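Work through the exercises below with the sequence and the model open. Each task is followed by a solution in steps.

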Amino acid sequence: MLELRSVSKRERGVVYIDDLSLCLARGDLHVLLGPTLSGKTSLMRLMAGLDLPDSGTLHMDGEDVTGLSVRRRDCAVVYQQFVNYPSLSVYENIASPLRVRGARNAEIDQEVEQAAELLGLRPYLSRRPADLSGGQQQRVALARALVKKASLVLLDEPLANLDYKLREELRAELPKIFKGSDAVVVYTTSAPEEAMLIGDTVTCLHEGQVTNSGKPRALYNRPAKLITAQILSDPPLNVLRVRKNGADLEFADNERVSGGERIASLADGAYKIGLRAHHLDVRKPGEGGIQAEVKITEVTGSETIVHAELGSVRWTALLHGVTPMDAGTRVSLIPDPAKLFVFDMDGALVSAPTE
Amino acid sequence: MRKTLNHKALWLASPALLLVAFTALIPLLTVVNYSVQDTFGDNKFFWVGAEWYKEILLSERFHAAFFRQVAFSAAILAIEIPLGLAIALAMPKKGWGVSVCLVLMALPLLIPWNVVGTIWQIFARVDIGLLGHTLAGFGFDYNYTQDPVAAWITLIVMDVWHWTSLVVLLCYAGLVAIPQAYYQAARIDGASRWAVFRHIELPKLNRVLLIAVLLRFMDSFMIYTEPFVVTGGGPGNTTTFLSVDLVQMAIGQFDLGPAAAMSVVYFLIILGLSWLFYTVMTREDTDAEGRLP
Amino acid sequence: MARIDLKNISHSYVAAPNTENNFALKTLNMSWQDGGAYALLGPSGCGKTTLLNIISGLLHPTHGAVLFDGDDITNRPPEKRNIAQVFQFPVVYDTMTVFQNLAFPLRNRNVPGKEIKQRVNRIAEMLELTESLPRRARDLSADAKQKISLGRGLVRTDVAAILFDEPLTVIDPQLKWSLRSQLKHLHAEFRHTMIYVTHDQTEALTFADQVIVMSEGEVVQASSPQALYERPVHTFVGRFIGSPGMNILPCEIDGAFLILADHRIPMDHIEPAAPETARLEFGVRPEFVHFSDEDDALPVSVSAIEDAGRYKIARLLFKELPIAAILPEDAPPLSATPKIKFDPENSHIYADGYLMEKGE
C-alpha cells in the first residue's frame, strides 16, 4: 500500500500539491483524474521519488520512503511519449529491467515471452521500436513496466498520444494487463470516461488537492463536492444557482421547475444544482420546464448534443437519436427532478439522486 | 527519516570536485594570496593589504589596457553575432548542402589558437604574406607592425574568421529546432521575410544567442595567444590587451604582487560582465509561467 | 469563401512512384461546397494530413489539380491561396500581445489601422478574448492560444477556407466541449468553408456536415454523420466510427436466414446477391443489440460489464463470437441467462468488406 501523508509541493511561489493525503492499495488500478495543472503529474513525480515534497511523507507498506532515491523505489513508469531504447530490439527493450537485475537467460526468455503474449507483441520481438506504430511502441513500454514487477507502477497519460481507436483498444486491455500483479498501479488521465472504465478507484484532483476519492460508480452517483461532479461529467455538468422554495426551484430569470418530494424535504434557501446532460430533456416550447433558445446542436451519429441558452445561462442536453435543431429555435428544457444533484453554496453535496 | 538522497551523488561528484579544486580553486587562492603580499625574493613575503589593488586600479596603464580590451570585445560581438546569425539564416536547411556547409563552418574551429596566430602573422605580412602583399600592391598603406589601425583590423578580422563559425553553428542548431508550423502559419498570415525573422526566429533564438554572446564575450575578453603571436601587443601599446599586459607584468617584469592583484580584478570584471549579460538577456523570461504540466 | 474542387488528385512522397503502394494518397475526386463544414477522419497514416497540405499549398500534388471557385490554384503557394490554418500545436507570436497577434495578418496586408482595430475587437469579442487583448500571447493557456490561431484567420475578409489540423489535441476534455461548440457557432455565423482533419470521431462527427472517412490513402465513405453511423458502406467505417465500434461477425446466408455460428436467425430484407466466393460478414452496432426474453432471441454469456458513467458496455459471447452491447446507465441487472436480438433496421450484411444494399 502506498500512503501519502499531508504532502505539499511548491515551486517558485506556485503551489502544485497542497496538503494532500491519499491511500492506494496494492492490486488495484488507481486513476488520478483532473484537468491540466490539477497536479496529476506533480503527484506522480513525488510518488516516483523524482521530486521531494516540501512537507509531508510517503509510506510504502508502512515504511517511510520520503527521502529514498528513485533508484531504490522499486517503481516502473510509462510516459505519454513513447519512451523505448531506440537501438535495442523489442525483445531487449522488454528484457532490459531483467538484465539490470541480473536475471538468468531462461528466466528472461520466459518473462519476455509472457509479457509479449499478453500485449500482442509476439510477432515484433526482433524489430526495433522505430519500425512499430505508436500503439505498438506504447505496448513495448507497458510490457517493460510489467516484467519489472515493481511494487509501484506509474502510468502517466499513456494513451494520450494515441489515435482514438487505438486508445479504445488499449484502454480495454489495460486493466487485464496489470490484473494479479499485486502492485500499486497509478494511472493519470484528463478523460472522465477513461477513468470510469478502467479505474478500480478514482481520485479527482483539482488545484493540487484531492476533491474526492473512491470507487468510480460511487463517486459518480454521490460526488461529495460539486467540483468532483464536474470533473467526472462528460459532457460537462449543467450547474445553476437556484432559490429553493417548497418543492419549487427558482432560477435567476424567474423560471421555475418542480423538484419533487426529495427537494421539498430540504430547507428553503439558495443552492447550486447539478444536472448531467443526458438527464435534461428538450421539447417543443410550451411543454413546461425552462424556456430557452437553441445556440448550436452537435450530432455524433447516434446522439444529439443541444446547447441552449436562457439569459446568460448555458445548458447542455444530450439526446438519443439524431434531432438537429436550427440555432434560434425556442425549446422547453425539462430537467429530470429525480436526477438532480443539490449542493450548498460552498459546493458540498446536500442531496443526490436515489439509486 | 532516512535521507539517503545525496550521499551517493556526492561520492560520484567527488573526483570532479577534486579536479576542479586542483585546477581552479587552489590556483585562484594562491593568486589571491600573492595579491595581498610583497616579496624581495628569498621566499620571504610580507603583508601589504590592498596596496597592489589600489595601485592597479589607479594606474593609467591598467585603464588603457582595460579600455582596449572592452573596445576589442565590443567590436567582436558587434560583428560576429549579426554575421553568424546572418550566415546561419542563409544556410540550407535540408539536402546535401547541409553537411558541406557544416564541415566548412567547423574548419576554422579545428585550428589551434597559436596556429591561427601564426597563419595570420605570415598571411598579413607585407613582404611575404599573401594578404599584406596584395593590399600593398593595390596601393593601401598597410603594415600591421607599424600602423595601429592596421594592427587592430588584422586582429579583428582574424578573430571573426576564427570564431564566427561558432555563432553560426549555435544559431543553426536553434533555427532547425523551430517547428515548421510557425513558418507555415507565418506564410499563411502573409508575413514578410523580415516579420518572420523579427517575430518567430529572433524570439525563438533568444536562448541560443545568449549562449553565443556569453561564450564570445568571455573568450574575446581573455584573448591572449593571437595578439601575442601576431602583434606582440604593438605597435607601441596599441594592442596590449589586459591579458597581454598581465603576462608582461607577471613574467616579463616579475611583479608578482601587482600581477596577482590584476588577475583577481580581471577575473571579477569578467564574472561581473557575464552576469550582467545573463540577467539582461533572460529578464524577459522570468515572468513566464514556471514549468510545463 | 470558396467552393473547392479536387480533380484526380494523388500524391506520393517517393520521387518516381511506380506502384500503387508508393502513393500516400490515391486518386481522388471531390467537390466541396462554399460555406460547408467538412471533416477528414481516419487513423494516422491514412493520408488525411497529406490531403490537407495539398489544399493549403504546403504540398504540391504528384498528379491532379486543386480548384478554388473554378480557378486552378495548384501552382500557387499558400500565401496566395487566401486560406487560414489552425495547427495541432498552438502557433502564436510570442513577442506580441493578443491584439497584435490578431492584427498581424491584416497589418501584413496593409489594412488601415482603424479597420484593423474594428475587426480585431469584433473577432476578439466573438472568441471571448476581449479581456486578454493587451496581454502577451505566450502567457495564455493552450485553449486561448488555439483561439488566437483561429482568430488570425477569422479577422481576414479574404479567406477562402479555414483548415484545421487536429486542433484540439492539446486541449483538456472539458474545454474541448466549449471550444467545439464555439467553433460550430462561428461557422454558423461566418459561413467560411471549413476543413477539419482529425482521428477523433466525436470531433469529426459533431463538427462536420459531411465527413470523409479515409484509410490507407483512399476515401472509404463521404457522407453525413448520421449515414456514417447508420449505414457504414464498409466494415472499416463500421469499426472506426462508434465507441465501441460496430460488431462485425463472420456469417452465412441461407435464403431468408442469417447463419451465425451455426445458429439460424430469420431476417427480413436479406439480399442474397453476393457472389458465391464472397466473404460474408454481419454488422450491427452495439447500440442496436437489445436484450430480449423472446423465444427466438440468441442466448449469450456475459464476459464483462464496463461502466462508462452515463452508459455501460456489456461484453458478450455468443458461442465463440464476441458481441458488444450498450446499456443505459440505469438498466436493470442482466439475468443469469441473457438473450439478445438485433434491431433488423440497423443490421447489415457485408460482402468482402462492402455493404450489400438491402432488397426492399
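A residue is called buried when its relative accessible area is under 20%, and exposed when that area is over 50%. The model is predicted.

**Exercise 1.** State what share of the residues in chain B is buried, and describe the surface that chain B exposes.

Solution. Start with the residue count: chain B has 293 residues, and 39% of them are buried. Then turn to the surface: about 16500 Å² of chain B is exposed, and 72% of this comes from carbon and sulfur atoms.

**Exercise 2.** Describe the secondary structure, extent and contacts of chain B.

Solution. Count the elements: there are 12 helices and 2 strands in chain B. Put them in sequence order: the pattern reads α-β-β-α-α-α-α-α-α-α-α-α-α-α. Next take the extent: along the principal axes, the C-alpha atoms of chain B fill a box of roughly 80 × 75 × 30 Å. Finally, consider contacts in chain B with a separation of 6 or more: 68% of them join residues 24 or more positions apart.

**Exercise 3.** How many positive and negative side chains does chain B have, and how far apart are the centres of the two sets?

Solution. Chain B carries 18 positive and 20 negative side chains. The centres of these sets are 15 Å apart.

**Exercise 4.** Locate B:A191 and decide whether this residue is buried or exposed.

Solution. First, find the position: B:A191 sits in the loop between α8 (180-188) and α9 (193-221) of chain B. Second, apply the cut-off: B:A191 has 18% relative accessibility, so B:A191 counts as buried. Third, list the contacts: leaving out residues up to four places away in sequence, B:A191 touches B:A186 and B:V196, along with C:F104 and C:N108.

Notes: Residues are numbered from 1 along each chain as its sequence is written. Chains are lettered from A and ligands numbered from 1 in the order in which they are written. This is a predicted model: local features need pLDDT of at least 70, side-chain atom pairs count only at pLDDT 80 or more; totals for chains, interfaces and linings use all residues. Side-chain values use heavy atoms; hydrogens and water are left out. Helices (H or I, at least four residues) and strands (E, at least two) are DSSP runs, numbered from the N terminus. Buried means under 20% relative accessible area, exposed over 50%, partly exposed in between (1.4 Å probe, protein chains only). Contact means heavy atoms within 4.5 Å. Accessible areas come from the Shrake-Rupley method with a 1.4 Å probe; for residues, only the protein chains shown count as cover. Lys and Arg count as positive and Asp and Glu as negative; His and the chain ends are not counted. The place of a charge is taken as NZ of Lys, CZ of Arg, CG of Asp or CD of Glu.
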